[in-house]
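Visitor: I have the structure open and want to test the labels put on it. Can you take me through them?

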Amino acid sequence: MLGPTILHNAASYLGHAEKKGPDSNPIILDAVRVLFPNWTDDSTIAWCSCFMHLIAMNVCAENPAEDGHQKPGLARSWLTVGEEVDTPQPGDVAIFWRGSPSAGTGHVAIYCNRIDDVIYVMGGNQANAITVSGYSAKRLLGYRRLNKAAKG
């Protein structure tokens with residue numbers, strides 16, 4: 001099971017925050033460059049999916065880019081990988097809608113816990129940093145459990 005490894009790896013990045021302009025945080029910029037190699041400013045992109053890709057690659061887990069998804073930088077692309085689960089465990093992937101449930105926008109992060117109607121996740125681009133944050137369970141699109149990557 002990859003969940004504990006995913007959670008542990010992501011935790012090693014906690015606290016890193018964006019910096020506007022040419023002084024971008026090199027840790028966050030490295031995550032962005034996993035999908036967008038020539039990007040130069042971490043404050044000009046929604047990078048939650050980039051961070052999730054970095055973690056998945058660090059632990060050799062499947063990810064939307066590996067699976068040939070047309071737009072792996074979108075948070076909702078994570079709905080296409082792994083196994084759908086109804087009862088998440090720490091380290092599973094949580095995907096939320098942003099704007100409206102039918103919009104193409106979203107947020108992806110790593111499930112930690114749920115207390116009442118709040119789902120706590122560890123992820124990137126949460127208040128422009130790598131943090132643990134709470135999201136309304138009403139915004140949840142789904143949970144996914146990642147497997148080892150086929151390649152690599």
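Guide: Start at the paired strands. This is a predicted model. In E4, tyrosine 111 has valine 121 as its bridge partner.

Visitor: What makes E3 and E4 a pair?

Guide: The cut-off is at least two bridges between the strands. Strand E3 (residues 106-115) and strand E4 (residues 118-126) are joined by five, so they count as paired. They run antiparallel. Their hairpin has two residues between the strands, and aspartate 116 there takes a positive phi near 55°.

Visitor: How do you know that E4 also pairs with E5?

Guide: By the bridges again. E4 and strand E5 (residues 129-136) share seven, in the antiparallel sense. Tyrosine 120 has glycine 134 as its bridge partner in E5. Valine 121 stands opposite serine 133 in E5. In this hairpin, too, two residues lie between the strands, and alanine 127 takes a positive phi near 55°.

Visitor: Why is the contact of arginine 145 and aspartate 92 called a salt bridge?

Guide: The limit is 4 Å between a side-chain nitrogen of Lys or Arg and a carboxyl oxygen of Asp or Glu. Here the N to O distance is 2.8 Å, so the pair qualifies. Arginine 145 sits in strand E6 (residues 140-145), and aspartate 92 in the loop between strand E1 (83-85) and E2. They are 53 residues apart.

Visitor: Why is aspartate 92 called buried?

Guide: Buried means under 20% relative accessible area. Aspartate 92 has 3%, so the label holds.

Visitor: How many salt bridges does the structure hold?

Guide: Two. Arginine 114 forms one with aspartate 117, the closest N and O atoms being 3.5 Å apart. That is within 4 Å, so this pair qualifies as well.

Visitor: What makes arginine 114 and aspartate 117 partly exposed?

Guide: Partly exposed lies between the 20% and 50% limits. Arginine 114 has a relative accessible area of 38%, so it falls in that range. Aspartate 117, at 48%, also counts as partly exposed.

Visitor: How do you know that aspartate 42 has no salt bridge?

Guide: The nearest side chain of opposite charge is lysine 19, 7.9 Å away. The limit is 4 Å, so no salt bridge is assigned. Aspartate 42 is buried all the same. It is found in the loop between helix H2 (26-35) and helix H3 (48-58).

Visitor: Which backbone atom lies 2.9 Å from a polar atom of the aspartate 42 side chain?

Guide: The backbone nitrogen of asparagine 25. Beyond four places in sequence, aspartate 42 also has contacts that include Ser24, Ile28 and Leu29.

Visitor: Which residues have the most contacts inside the largest nonpolar core?

Guide: Ile6, Trp47, Met52, Trp78, Val108 and Leu146. This core has 30 residues. Helix H1 (3-11), H2, H3, strand E2 (93-97) and E3 each give two or more. H3 gives the most, with seven residues. Tryptophan 47 touches residues farther than four places away in sequence, among them Val32, Gly124 and Ile130.

Visitor: What else is there besides that core?

Guide: A second, separate core of ten residues. Val85, Ala109, Tyr111 and Tyr135 are among them.

Notes: Residues numbered from 1 in each chain as written. Predicted model: local features only at pLDDT ≥ 70, side-chain atom pairs only at ≥ 80, totals over all residues. Heavy atoms only, no water. Helix = DSSP H or I, 4+ residues; strand = E, 2+ residues; numbered from the N terminus. Buried < 20%, exposed > 50% of the residue type's maximum accessible area, 1.4 Å probe, protein only. Lys, Arg positive; Asp, Glu negative; His and termini not counted. Polar contact = N/O pair within 3.5 Å; in protein donor to acceptor, adjacent residues only side chain to side chain. Contact = heavy atoms within 4.5 Å. Core = buried A, V, L, I, M, F, W, Y, C linked by side-chain atoms within 4.5 Å.
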